[in-house]
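The following exercises concern residue contacts, burial and helix packing. Each task is followed by a solution in steps.

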Amino acid sequence: MTVAIAPIGIAGVGGIGSNVAVNLVRSGIDFLRIVDFDRVETSNLNRQFYFADQIGQPKTEALSHNLRRIRPDLRIEAVLARIDAGNCKAIFAGCDLVVEGFDRPTDKKMLLELLGEDRIVVSACGIAGSDLAAIRTRRLGTGFIVGDFAADCADAPLFAHKVGAIASHMSAIILHLRGLTHDCPNR
C-alpha cells in the first residue's frame with residue numbers, strides 16, 4: 001500500500017533518522033525529505049543504515065542510495081545542510097510531520113520550538129545504553145517523544161538494538177498517524 005500526502009521530513013539521518021527512514025520505506029511510505037550535513041564515518045556503521053564502502057560520503061547521498069535499493073520508485077528529497085534556527089522552517093516547508101534525529105539537546109529544543117506548534121514532531125530522548133525495558137512514549141502537544149528519558153550518549157554507549165527499538169517505536173507512531181497500521185483487535 002502506498003500513501004503520499006506530503007513528504008515526511010527527517011532532521012538528521014544518523015542512528016534514529018536513518019533507521020526510521022528504512023522502516024518507513026519498507027512499510028509503504030513513498031515520499032521523504034532527509035536533511036543532514038554530516039558524512040558517513042566508521043563509528044556510524046554499528047547502528048546506522050550505512051555500509052563500509054560509503055565512508056566519507058554525505059549521509060543524505062548514501063541514505064538516498066540505500067533506500068532506493070529497497071524501493072526504486074521512492075520520492076526522496078535529499079538536502080545537504082546543517083539545520084539551524086534561520087533555515088529550519090524553510091527546509092521543512094510542506095512537511096506536516098518531522099522526525100527529529102539530532103544528537104545535541106540544543107538542536108532538539110530548537111527544532112521542537114520552531115516546528116512543534118504547526119506540525120507533528122516525533123522525537124527521541126534517552127537512546128543510549130542497552131536496556132529496552134524503560135522505553136516509553138510521551139505526548140507533548142501535537143508531538144511525541146520516545147526513549148527512556150534518562151540514558152544520555154555522554155554517559156553510556158549507543159547500541160544498535162536500542163537505537164533500532166526506539167526508531168521502530170517512532171516509525172509505528174508515524175505509520176499510525178498516516179493511517180497505515182492494521183493492528184489486530186484483541187481476541
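**Exercise 1.** Determine which residues Ala-6 is in contact with, leaving aside its neighbours within four places in sequence.

*Solution.* Contact means heavy atoms within 4.5 Å. Under the stated exclusion, the partners of Ala-6 are Phe-31, Gly-94, Asp-96 and Arg-178. The model is predicted: local features need pLDDT of at least 70, side-chain atom pairs count only at pLDDT 80 or more, and totals for chains, interfaces and linings use all residues. Residues are numbered from 1 along each chain as its sequence is written, and side-chain values use heavy atoms, with hydrogens and water left out.

Next, place the residue: Ala-6 lies in the segment before strand S1 (8-11). Helices (H or I, at least four residues) and strands (E, at least two) are DSSP runs, numbered from the N terminus. For the partner Phe-31, 25 residues away along the chain, the C-alpha separation from Ala-6 is 7.1 Å.

Finally, assess burial. Buried means under 20% relative accessible area, exposed over 50%, and partly exposed in between (1.4 Å probe, protein chains only). Ala-6 has a relative accessible area of 15% and is therefore buried.

**Exercise 2.** Classify Gly-28 as buried or exposed, and locate this residue.

*Solution.* Gly-28 has 7% relative accessibility, so this residue counts as buried. Its position is in the loop between H1 and strand S2 (31-36). The C-alpha atoms of Gly-28 and Leu-74 are 9.6 Å apart, with these positions 46 residues apart in sequence numbering.

**Exercise 3.** Describe how helix H1 (residues 15-26) and helix H5 (residues 160-177) pack.

*Solution.* First, take the geometry: the angle is about 50° and the axes are 8 Å apart. Axes are lines fitted to C-alpha atoms, for helices over the stretch in contact, and angles run from 0 to 180 degrees between N-to-C directions. H1 is therefore oblique to H5; angles under 35 degrees count as roughly parallel, over 145 as roughly antiparallel, 65 to 115 as roughly perpendicular and the rest as oblique.

Second, list the contact residues. H1 contributes Gly-15, Ile-16, Asn-19, Val-20, Asn-23 and Leu-24, while those from H5 include Val-163, Ile-166 and Ala-167. By class, this contact has 9 nonpolar, 5 polar and no charged residues (Ala, Val, Leu, Ile, Met, Phe, Trp, Tyr, Cys and Pro count as nonpolar, Asp, Glu, Lys and Arg as charged, and the others, Gly among them, as polar).

**Exercise 4.** Identify the buried residues of helix H4 (residues 105-115) and what they pack against.

*Solution.* The buried residues of H4 are Asp-107, Lys-108, Met-110, Leu-111 and Leu-115. Their packing partners are S1, helix H3 (88-91), strand S4 (97-100) and strand S5 (120-124).
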